[in-house]
Amino acid sequence: MVDVYGWRVAPARAPYSTSPFQLLGADMARILVVEDEPSILKLISQNLTLRGFDIEIATDGETGLTRAREGKYDLILLDLMLPVISGWEVLRELGNQGILDRVPVIVVTAAAREEDEKRARSLGARDYLVKPFYIKELLQCVSTALSSHNQAGRNKQEKPSRRSS
């Protein structure tokens, strides 16, 4: 159970037995949500926990960066306009530290300019979702990012190692 701005957010099971996300292994996926807007944070957290994701929350850039460094996540959802350290700086640091090589980042932001999206992608963001958004758009981005991330991980494991004789 997580207390976020007075709301209790708890993992819950969907009213159906298996969701498409669980078929992708989402019930084991850990997602770090770095968002400072309480209503958006609640929307994202509740919808992802209802689909079996394990959610961790950071409400400022500094905490988000620290958690991303120290935790093991399958995906990071990152706002760009954050207190303490901006999302831009978080994204840059994640790239500098090699975290983006193993964890995809979806930027979720109100910055709707094309230049912002290009900049975010050049810094390593996997996807870019502009607020306000439909929850099904977010879920599609999450599903796509996790699917391609999981596929890339399987491909790395399947490559035979070359040993010199």
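## Working through a predicted fold

Glu56 has a relative accessible area of 24%, which makes this residue partly exposed. The scale behind that word: buried is under 20% relative accessible area, exposed is over 50%, and partly exposed lies in between (1.4 Å probe, protein chains only). The model is predicted, so local features need pLDDT of at least 70 and side-chain atom pairs count only at pLDDT 80 or more, while totals for chains, interfaces and linings use all residues. Residues are numbered from 1 along each chain as its sequence is written, and side-chain values use heavy atoms, leaving out hydrogens and water.

**Exercise 1.** Find the salt-bridge partner of Glu56 and say which parts of the chain the pair links.

*Step 1.* Set the rule: a salt bridge is a side-chain nitrogen of Lys or Arg within 4 Å of a carboxyl oxygen of Asp or Glu. The count by this rule is eleven salt bridges.

*Step 2.* Glu56 meets Arg30, with 2.8 Å from N to O. These two belong to distant parts of the chain, 26 residues apart: Glu56 sits in strand E4 (residues 54–58) and Arg30 in strand E3. Such labels are DSSP runs numbered from the N terminus, helices (H or I) having at least four residues and strands (E) at least two.

*Step 3.* Check the surface: Arg30 is partly exposed too, at 25% relative accessibility.

**Exercise 2.** Explain how far apart Glu117 and Arg121 stand along their helix, then look for a salt-bridge network.

*Step 1.* The closest N and O atoms of the Glu117–Arg121 salt bridge are 3.0 Å apart.

*Step 2.* Both residues belong to helix H5 (residues 114–122), and because they are four residues apart there, about one helical turn separates them. Glu117 is partly exposed at 28%, and Arg121 is partly exposed at 36%.

*Step 3.* Elsewhere, shared partners tie Arg30, Asp54, Glu56 and Arg67 into one network of salt bridges.

**Exercise 3.** Lay out the open sheet: what is its strand order, and which strands stand at its edges?

*Step 1.* Two strands pair if DSSP finds at least two bridges between them. The five strands then follow the order E4-E3-E5-E6-E7, with parallel pairing.

*Step 2.* The edges are E4 and strand E7 (127–130); each has a single partner strand, so one side of each is left without a neighbour in the sheet. From one strand to the next, the twist averages 20°.

*Step 3.* Now walk through the pairings. E3 and E4 run parallel and are joined by five bridges, with Val33 opposite Ile57 in E4. The route from E3 to E4 passes through helix H2 (residues 38–50), a right-handed β-α-β crossover. Right-handed here is judged with the strands pointing away from the viewer: the path from the first strand over the helix to the second runs clockwise.

*Step 4.* E3 also pairs with E5 in the parallel sense, over four bridges, and Leu32 has Ile76 in E5 as its bridge partner. Four of the five residues of E3 are buried.

*Step 5.* At the other side, E6 and E7 make a parallel pair over four bridges, where Ile106 stands opposite Asp127 in E7.

*Step 6.* Add the helices. H4 lies across E5 and E6, at about 155° to E5, and H5 packs on the sheet, touching E6 and E7, at about 150° to E7. These angles, from 0 to 180 degrees between N-to-C directions, use lines fitted to C-alpha atoms, for helices over the stretch in contact.

**Exercise 4.** Which members of the largest nonpolar core touch the most other members, and what does Ile76 contact?

*Step 1.* A nonpolar core is a set of buried Ala, Val, Leu, Ile, Met, Phe, Trp, Tyr and Cys residues joined through side-chain atoms within 4.5 Å.

*Step 2.* Among the 23 residues of the largest one, Ile76, Leu78, Leu91, Leu94, Val105 and Val107 touch the most other members. At least two residues each come from E3 (30–34), H3 (61–70), E5 (75–78), H4 (87–96) and E6 (105–109). H4 gives the largest share, four residues.

*Step 3.* Contact means heavy atoms within 4.5 Å. Beyond its neighbours within four places in sequence, Ile76 contacts residues including Leu32, Val34, Ala68, Leu94 and Val105.

*Step 4.* Apart from this core lies another, of 22 residues, with Ile31, Phe53, Leu138 and Val142 among them.
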